[in-house]
Amino acid sequence: MHKNTHTLFNILLVVFVFSFFPTQNAVAGNKEEAIKLFENKQFSDALTLFKELNASAPEDASFGYYYGVCLVETNQFGQKAKELLLQSAKSNVPADINFFIGKNYHAINQFDSAMAYYTLFKSDAKSKELKATKVKELM
């Protein structure tokens, strides 16, 4: 009887401990869902997921990029968006990051910085991206 109780206790302990660690599949599932929401321009919904993903893997620059863009696209401009986007810009992320950095600076009235990043974006962007973002008007 004592041996069975001990074994049951160990099994429950292992289950309890591992329930606090997200599995790789759960993270992958959240990432896929978050990207799908992002691509469908459902930035408010994607924001929550990318915030969680970024917290669980802050070294992944793509999470910082998506999280920062979601903040900007939901008009949550400021220091957090700036930090996320500037840090992510050091890695291999989409070139439109310069537009979102510029847009964040623009919204917080740092116009010289906004112009610098809009100019960087404009020099790399395709005409379709320039039209979609209306960066010329913002400049």
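This note goes through the fold, the core, the aromatic pairs, helix H6 and the largest pocket of a predicted model.

1. Overall make-up. The secondary structure of the chain comes to 9 helices and 0 strands, and the order of elements from the N terminus on is accordingly written α-α-α-α-α-α-α-α-α. Of the 139 residues of the chain, 32% count as buried. The exposed surface of the chain is about 9,300 Å², with 57% of it supplied by carbon and sulfur atoms. Among the contacts in the chain with a separation of 6 or more, 36% are between residues 24 or more positions apart.

2. The largest nonpolar core. This core has 35 residues, and the members that touch the most other members are Phe38, Phe50, Tyr65, Cys70 and Leu85. At least two core residues come from each of helix H2 (24–39), helix H3 (43–56), helix H4 (61–73), helix H5 (79–88), helix H6 (97–107) and helix H7 (111–124). The largest share, 9 residues, is supplied by H4.

3. Cys70 and its surroundings. If residues up to four places away in sequence are not counted, Cys70 touches Phe38, Phe43, Ala46, Leu47 and Phe50. Of these partners, Phe38 and Phe50 are themselves named with Cys70 in the group of core residues that touch the most other members.

4. Tyr65. This residue is found in helix H4, and at a relative accessibility of 3% Tyr65 counts as buried, because the cut-off for that class is under 20%. Leaving aside neighbours within four places in sequence, Tyr65 is in contact with Phe38, Leu85, Ser88, Val93, Pro94, Asp96 and Ile97. For one of these partners, Val93, the separation is 28 residues in sequence and 7.0 Å in space, taken from C-alpha to C-alpha.

5. Aromatic pairs around Phe38. The count of aromatic pairs in the model comes to 10. One of them joins Phe38 and Tyr66, whose ring centres lie 4.8 Å apart with the planes at 80°, so the pair is edge-to-face. Phe38 belongs to helix H2 and Tyr66 to helix H4, and the pair thus links distant parts of the chain, 28 residues apart. Both rings belong to buried residues, with a relative accessibility of 13% for Phe38 and a relative accessible area of 17% for Tyr66. Phe38 and Tyr66 also belong to one aromatic cluster together with Phe43, Phe50 and Tyr65.

6. The pair between H6 and H7. What geometry do the rings of Phe99 and Phe121 adopt? Their centres are 5.4 Å apart with 50° between the planes, and the pair is classed as tilted. Phe99 lies in helix H6 and Phe121 in helix H7, so this pair ties together parts that are 22 residues apart in sequence. Both residues are buried, Phe99 with a relative accessible area of 4% and Phe121 with one of 2%.

7. Helix H6. This helix is mostly covered, in that 8 of its 11 residues are buried, namely Ile97, Asn98, Phe99, Phe100, Ile101, Gly102, Asn104 and Tyr105. The cover over these buried residues includes H4, H5, H7, H8 and helix H9 (135–138). After H6 comes Asn109, which has a positive phi, near 65°.

8. Asn98. A reader checking polar residues in helix H6 may wish to look at Asn98, which lies in that helix. Asn98 is buried, with a relative accessible area of 13%. Apart from its neighbours within four places in sequence, Asn98 is in contact with Tyr117, Tyr118, Leu120 and Phe121, the last of which is also the ring partner of Phe99 in the tilted pair.

9. The largest pocket. About 460 Å³ of space lies in this pocket. Its lining is made by 18 residues, and those nearest the centre are Lys41, Glu73, Asp96, Phe100 and Thr133. H2, H4, H6 and helix H8 (127–133) are the elements that give two or more residues to the lining. Two of the residues nearest the centre also appear in earlier points: Phe100 is among the buried residues of H6, and Asp96 is among the contacts of Tyr65.

Note on methods: Residues are numbered from 1 along each chain as its sequence is written. This is a predicted model: local features need pLDDT of at least 70, side-chain atom pairs count only at pLDDT 80 or more; totals for chains, interfaces and linings use all residues. Side-chain values use heavy atoms; hydrogens and water are left out. A nonpolar core is a set of buried Ala, Val, Leu, Ile, Met, Phe, Trp, Tyr and Cys residues joined through side-chain atoms within 4.5 Å. Buried means under 20% relative accessible area, exposed over 50%, partly exposed in between (1.4 Å probe, protein chains only). Helices (H or I, at least four residues) and strands (E, at least two) are DSSP runs, numbered from the N terminus. Contact means heavy atoms within 4.5 Å. Rings of Phe, Tyr and Trp (its six-membered ring) pair if their centres lie within 6.5 Å; planes under 30 degrees apart count as stacked, over 60 as edge-to-face and the rest as tilted. Accessible areas come from the Shrake-Rupley method with a 1.4 Å probe; for residues, only the protein chains shown count as cover. On a 1 Å grid over the protein atoms alone, a cavity is a set of points where a 1.4 Å probe fits but cannot get out, and a pocket is an open set with protein on both sides within 12 Å along at least five of seven lines; lining residues have an atom within 4 Å of a point. Grid points are joined across faces, edges and corners, and a volume is the space filled by probe spheres set on the points.
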